[in-house]
Amino acid sequence: MIRNGHDAVDSSKKLTPGTKRTVRVWCDGCYDMVHYGHSNQLRQARAMGDYLVVGVHNDEEIAKHKGPPVFTQEERYKMVQAIKWVDEIVAGAPYVTALETLDKYNCDFCVHGNDITLTVDGRDTYEEVKKAGRYRECKRTQGVSTTDLVGRMLLMTKAHHSSRELPSEYREYTDSFGKCPRSHSPWTGVSQFLQTSQKIIQFASGKEPKPGDTIIYVAGAFDLFHIGHVAFLEKVYQLAERPYIIAGLHFDQEVNHYKGKNYPIMNVHERTLSVLACRYVAEVVIGAPYAVTANLLDHFKEPKRRGIFRQIDSGNDLTTDLIVQRIIKNRLEYEARNQKKEARELAVLEAIKKREAMPEGAAVQVESPCEA
């Protein structure tokens, strides 16, 4: 069992040592197919201040600079708002981060991972705030990316269920999925995720239920943790005045038994972090049984009376299957998007190398080697 920091979103109780004012932090991004990598970035950003404001780009901006998003802007807004380290979201935030935006929302600085984000013309989206000294960097989470998740859906492999070395056929596919044919960018790639106790502690850091809390148990695969899950958990959270939600996660083999194909798309370690990042969940049980037994209820000190099961309509019909269908339907567009993204990254890397090798003040032209 892992207890979650479900009340960690109260930023009013925390002040930076030595200061009398709240330090406001800005993050922005597409947050498409939100996964624990996004959540970990926001966790790190929140730790740098007292209040986290997250700007989420709209569909039009993403399509212009990157290509079609998997999720709609409304779905992405709700997903980011459900992450427990987020205090406020800004819908339709500009793709290029400007000082004007930071000032508008009273943010001291912005935080981004140690990769690079480029506009459609190959410009660093954080160039202005970097020059002004209002940019901070956090570590990028290894072992997860939207590219990797899309590849798992299309390949229909079960390789990601294993903690052992990934088989050669999986590596061959993921290494070529949507990649620029000439080379590989260090920021657009696939690497194996390795769960650690430290990462779980960072995501959990929670508390035990208090007297008067209503303990509610839910269970499932929670695969590709998405807005359908969030809508369901929010409805469950509203069932009591002081809810304490325990989420049971089925093991990969169990999910594969009742779902088939290559499900779950995310393995149990990845799903654990995704659920722990949700503000509505207080505790996670890794490897929960498919059937809820009396022993399980006793373990959580639940009432022994029967008739305690409730069925909740989330009001959202999105499922993991529908997400996979979206990906398959738009496969060529996503592959083209990844190729263009990596081409721009490679062009920037080449420009940096040329700049370092040339005399000071010399101009360097940026060209995308495999841009359409």
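Here a biologist and a modeller talk through some labels used for this predicted model.

Modeller: Quick ground rules: residues are numbered from 1 along each chain as its sequence is written. The model is predicted, with local features needing pLDDT of at least 70 and side-chain atom pairs counting only at pLDDT 80 or more, while totals for chains, interfaces and linings use all residues, and side-chain values use heavy atoms, leaving out hydrogens and water.

Biologist: Why is the pair of Phe 222 and Phe 225 called tilted?

Modeller: Rings of Phe, Tyr and Trp (its six-membered ring) pair if their centres lie within 6.5 Å; planes under 30 degrees apart are stacked, over 60 edge-to-face, and the rest tilted. For Phe 222 and Phe 225 the centres are 6.3 Å apart and the planes at 40°, so tilted it is. A search of the whole structure finds 6 aromatic pairs.

Biologist: And what makes Tyr 237 and Tyr 280 a tilted pair?

Modeller: Their ring centres are 5.4 Å apart and their planes at 55°, so this pair is tilted. It links distant parts of the chain, with Tyr 237 in helix H9 and Tyr 280 in the loop between helix H11 and strand S9, 43 residues apart. Helices here are DSSP runs (H or I, at least four residues), as are strands (E, at least two), numbered from the N terminus.

Biologist: Why is Tyr 237 called partly exposed, and why is Tyr 280 called buried?

Modeller: Buried means under 20% relative accessible area, exposed over 50%, and partly exposed in between (1.4 Å probe, protein chains only). Tyr 237 has 28%, so partly exposed fits; Tyr 280 has 14%, so buried fits. Phe 222 and Phe 225 are buried too.

Biologist: How do you know that Lys 259 lies over the face of Tyr 263?

Modeller: The rule wants NZ of Lys or CZ of Arg within 6 Å of the ring centre and within 35 degrees of the ring normal. Lys 259 is at 4.5 Å from the ring centre of Tyr 263. Likewise, the charged end of Lys 130 sits over the ring of Tyr 135, 4.9 Å from its centre.

Biologist: What makes H6 roughly perpendicular to H13?

Modeller: Angles under 35 degrees are roughly parallel, over 145 roughly antiparallel, 65 to 115 roughly perpendicular, and the rest oblique. Helix H6 and helix H13 pack at about 90°, with axes 10 Å apart, so H6 is roughly perpendicular to H13. Axes are lines fitted to C-alpha atoms, for helices over the stretch in contact, and angles run from 0 to 180 degrees between N-to-C directions.
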